[in-house]
Amino acid sequence: GSNKVALTAEKAEKAKAYVGKTVIMGIRPEDLYDDAEALEKYADSVVSADVEVTEMMGAETYLYLIVDGINFIARVKPDSKAAINTKIKVALDPAKIHIFDKETEKVITN
């Protein structure tokens, strides 16, 4: 889509053989962030997301997001300012990104 995410050097090296091929990227909800500190820390791995639902859970907030037509869930701090039907920036921890071969479903990097 319109977003680009930087990988760590180790993950990029493992993924080199897949340049030009379609892969599947995954990340756990607790490894996505919407707070200013994380957006700065992971500036090379920030995507734009549409907020569909916010679910306050006390110690955390779940954000149900759409990024380039793909559904994501982010488990963020309880003081998140995200609101339904808005567009926000979300940072992904590049060390926590998982990449899979689309055809074989084998792990490329985790």
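**Notes on a small sheet and a few ring contacts**

1. Let's start with one pairing: Ile99 has Thr109 as its bridge partner in E8. Please keep in mind while reading that this is a predicted model. The strand pair behind this contact is E7, residues 98–101, with E8, and the two run antiparallel over two bridges.

2. Stepping back, E7 and E8 belong to an open sheet of three strands, ordered E1-E7-E8, with antiparallel pairing. Strand E1 (23–26) and strand E8 (107–109) are the edge strands, and each of them pairs on one side only. From one strand to the next, the twist averages 35°.

3. Now for the aromatic rings. How many aromatic pairs does a search of the whole structure find? The search turns up one. The partners are Tyr33 and Tyr42, with 5.8 Å from centre to centre and 25° between the planes. Planes under 30 degrees apart count as stacked, so the Tyr33–Tyr42 pair is a stacked one.

4. If you have the pair on screen, have a look at how each ring residue sits. Is Tyr42 buried or exposed? Tyr42 counts as buried because its relative accessibility is 14%, and the cut-off for buried is under 20%. Tyr33 has a relative accessibility of 23%, so this residue counts as partly exposed.

5. One more ring is worth a glance, this time with a lysine. Lys21 lies over the face of Tyr18, and the distance to the ring centre is 5.5 Å.

Conventions
Residues numbered from 1 in each chain as written. Predicted model: local features only at pLDDT ≥ 70, side-chain atom pairs only at ≥ 80, totals over all residues. Heavy atoms only, no water. Pairing = 2+ DSSP bridges. Helix = DSSP H or I, 4+ residues; strand = E, 2+ residues; numbered from the N terminus. Axes fitted to C-alpha atoms, helices over the stretch in contact; angles between N-to-C directions. Phe/Tyr/Trp six-rings, centres within 6.5 Å; stacked < 30°, edge-to-face > 60°. Buried < 20%, exposed > 50% of the residue type's maximum accessible area, 1.4 Å probe, protein only. Lys NZ or Arg CZ within 6 Å of the ring centre and 35° of its normal.
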